[in-house]
Amino acid sequence: MSDTAPKQRPQYRNISVPQILSYRLPLAAKSSILHRVSGALLFLCLPLVLLPLFSLSVSSPESFETMRSYVDNPVCKLILLVLIWGYLHHFCAGIRYLALDLHLGNDKESAKKSAGMVFGVSLALTVVFGLKLFGVW
């Protein structure tokens, strides 16, 4: 029998927010966290922002003009831009997770590439829709 005591495992207690923010997460983990954040954002904003704007837009021509005057406000446009990003990121990441569920791209390198594609495609589409929202064309 060995007389050596088992090695004590390190204990991590009282983790603070700055410690959590200093972690270096892989790109796939960042994509996963933002997928959850964007889902929560869309879920919470659906009854507060999206449904009231939709009901204003389809009720009558006068209410459509009222909705249009709300959306002309730059702060409202920024809120809508964040919601557009949330939808597009959630959509693109959801397609990635469907592919992962089909066992496509489960290895480390292709998972890293697909997470990068999620960020690239969702941000590029956000820029396109943002330019349209702010009236560039």
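This is a short talk on the pocket, the helices, the surface patch and the salt bridge of one structure.

Hi everyone, thanks for coming. Before anything else, please keep in mind that this is a predicted model.

Let me begin with the largest pocket. It holds about 300 Å³ of space. What lines it? On the lining we find Leu42, Leu50, Leu53, Val71, Leu80, Leu83, Ile84, Tyr87, Leu88, Phe129 and Leu133. If you sort those residues by character, you get 11 nonpolar, no polar and no charged. Three helices each bring at least two residues to this lining: α2 (27–59), α4 (74–101) and α5 (108–133). Which helix gives the most? That would be α4, with five residues.

Now, on to the annotation. An unreviewed UniProt entry lists residues 40–58, 78–99 and 115–134 under "transmembrane region". How does the model look over those stretches? Residues 40–58 are 100% helix and 0% strand, and the C-alpha atoms at the two ends are 26 Å apart. Residues 78–99 are likewise 100% helix with 0% strand, and there the end C-alpha atoms lie 32 Å apart.

Next, please turn the model to look at its surface. There is a nonpolar patch made of Leu78, Met117, Val121, Leu125, Val127, Val128, Phe129, Leu131, Phe134, Val136 and Trp137. Together these residues have about 1000 Å² of accessible area. The top contributor to the patch is α5, with seven residues. Leu125, for instance, sits in α5. You may have spotted Phe129 already: it belongs to the patch and also to the pocket lining.

Last stop, the charges. How many salt bridges are there? The count is one. The partners are Arg68 and Glu65, whose side chains meet at 3.8 Å, N to O. Both residues are in helix α3 (residues 61–71), and they are three residues apart, about one turn of the helix.

That's my tour, and I'm happy to go back to any part of it.

Methods:
Residues are numbered from 1 along each chain as its sequence is written. This is a predicted model: local features need pLDDT of at least 70, side-chain atom pairs count only at pLDDT 80 or more; totals for chains, interfaces and linings use all residues. Side-chain values use heavy atoms; hydrogens and water are left out. On a 1 Å grid over the protein atoms alone, a cavity is a set of points where a 1.4 Å probe fits but cannot get out, and a pocket is an open set with protein on both sides within 12 Å along at least five of seven lines; lining residues have an atom within 4 Å of a point. Grid points are joined across faces, edges and corners, and a volume is the space filled by probe spheres set on the points. Helices (H or I, at least four residues) and strands (E, at least two) are DSSP runs, numbered from the N terminus. Ala, Val, Leu, Ile, Met, Phe, Trp, Tyr, Cys and Pro count as nonpolar, Asp, Glu, Lys and Arg as charged, and the others, Gly among them, as polar. UniProt positions are given in the numbering used here, feature names are shortened, and annotations may be inferred rather than shown by experiment. Patches are made of residues with over 30% relative accessible area and no salt bridge: like charges are joined within 9 Å, nonpolar side chains (Val, Leu, Ile, Met, Phe, Trp, Tyr) within 5 Å. Accessible areas come from the Shrake-Rupley method with a 1.4 Å probe; for residues, only the protein chains shown count as cover. A salt bridge is a side-chain nitrogen of Lys or Arg within 4 Å of a carboxyl oxygen of Asp or Glu.
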